[in-house]
Amino acid sequence: MTEETLKDRLRQRIDAHGPITVADYMATCLGDPEHGYYTTRDPFGAQGDFTTAPEVSQMFGELVGAFLLQAYERMGSPARFNLVELGPGRGTLMADILRMAKLRPAFIEAARLTLVEMSPTLRKAQAKTLIKTPLSPHFADRFDEIGEGPLLLVANEFFDALPIHQFVKTDEGWREQMIGLDEQNELTFGIGNAQLQETDLPPVARKAAKGSLLETQPAANAIAEAIGARLKEHGGTALFVDYGYLRTAVGDTLQALFKHTHDDVLARPGEADLTAHVNFEALAAATAKGGAYPFPPLEQGEFLLRLGLLERAGALGAGKSHLDQEKIRDDVERLAAPDQMGQLFKVLAVSSSADPLVPFDPIAGQTG
Ligand code: SAH
């Protein structure tokens, strides 16, 4: 008997209950307890499907660590606080953050570390990576489970993995794009009955041509709003890094990555990574709705350079072999060059206070 695949399961489900939303498809492909992409594997690195900034170089996490140390002091160096990471992958980013944070023993002593991770496979990898650090992690399935107290939070390439909905402009308004079955019983896109209400439409959608596609990210926005509310109530700062766009726009950003190559999004459910670009305008608005202050986002390259990427690279390379120095230079390029990760990735900081927050520009209307 051949083993049942996630594609078989999706076919049966659609056959029995009708087409599913793109959000449903994403959530199932990534998070299905038995066959989900993240639940069943470690997808990172050369052997995997994609490489993230912390996996490129330790400099990324160290600079994020330097940012968090400043944010800690900015909120008055509390004796206890929650240090939280959403979707920590292999735990590399947190390990690099903590190496930098060891420079301030008070930070380490005050921190209670919680990793929000749905994948049992990756939880194991994270625990293993963090063995050599001074903090042992608690695990949570959701952000809501984090206890009371001030918060410092980081999320790198987390929001892009959360389910989005897609709507298509038709003669009868913006109707939801669905995934059904064609005559050959293959997965295919189609148009459903659900509609975006006129009042929920961003201004850009009004002028869009027929056939245009608009994405919404209610799952990401709900978490961002909860974080905003938490920051308002208990104080602190959150940092979100992801690929995405700064202003709401129309367009299809759903993509599948399989072994470092773009793949048909319907071809390999559960075997390929599925992501969508993050709408930072919507994400920032959600944190503000929760009651926090979003700072004007920076491109990743600018964020890292302002935090001292070049100086850090110089220090790291000092006394090293020619080959090592070349590798460090390549890593700097990879993280910060506009044609690599530098421009596509955006960094949004959100805080309980509108006071100046290094290295971000002041919030419009606030003097800094
Ligand atoms: N931050 C890491 C990994 C990014 S990949 C890095 O930069 O290398 C996305 C991560 O988010 C994985 O750890 C994945 O298992 C986790 N994840 C995705 N959706 C999630 C969800 N709904 N709840 C909790 N974790 C999730």
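This section describes the surroundings of the ligand and the packing of two helix pairs in a predicted model.

Around the ligand there are 18 residues, of which Thr52, Gly87, Gly89, Glu117 and Asn156 come nearest. Three of these residues place polar side-chain atoms opposite oxygen atoms of the ligand: for threonine 52 an N or O atom of the side chain is 2.5 Å from a ligand oxygen, for glutamate 117 the corresponding separation is 2.6 Å, and for asparagine 156 a polar side-chain atom lies 2.7 Å from an oxygen atom of the ligand.

Helix 5 (residues 58–74) packs with helix 6 (residues 92–101) at an angle of about 55 degrees, their axes being 7 Å apart, and the two helices are therefore oblique to each other. The crossing of helix 5 past helix 6 is right-handed. On the side of helix 5 the contact involves Gln58, Phe60, Gly61, Glu62, Val64, Gly65, Ala66, Leu68 and Leu69, which meet Leu93, Asp96, Ile97, Arg99, Met100 and Ala101 of helix 6; by class, the residues of this contact comprise 9 nonpolar, 3 polar and 3 charged.

For helix 13 (residues 309–317) and helix 14 (residues 322–336), the packing angle is about 160 degrees and the axes are 9 Å apart, which makes helix 13 roughly antiparallel to helix 14. Helix 13 likewise passes helix 14 in a right-handed crossing. Leu309, Leu310, Ala313, Leu316 and Gly317 of helix 13 form the contact with Gln325, Ile328, Val332 and Ala336 of helix 14, and the contact of helix 13 with helix 14 contains 7 nonpolar and 2 polar residues but no charged ones.

Conventions. Residues numbered from 1 in each chain as written. Predicted model: local features only at pLDDT ≥ 70, side-chain atom pairs only at ≥ 80, totals over all residues. Heavy atoms only, no water. Axes fitted to C-alpha atoms, helices over the stretch in contact; angles between N-to-C directions. Helix = DSSP H or I, 4+ residues; strand = E, 2+ residues; numbered from the N terminus. Parallel < 35°, antiparallel > 145°, perpendicular 65-115°, else oblique. Left-handed = near helix turned anticlockwise from the far one by under 90°. Contact = heavy atoms within 4.5 Å. Nonpolar A, V, L, I, M, F, W, Y, C, P; charged D, E, K, R; others polar. Near = heavy atom within 4 Å. Polar contact = N/O pair within 3.5 Å; in protein donor to acceptor, adjacent residues only side chain to side chain.
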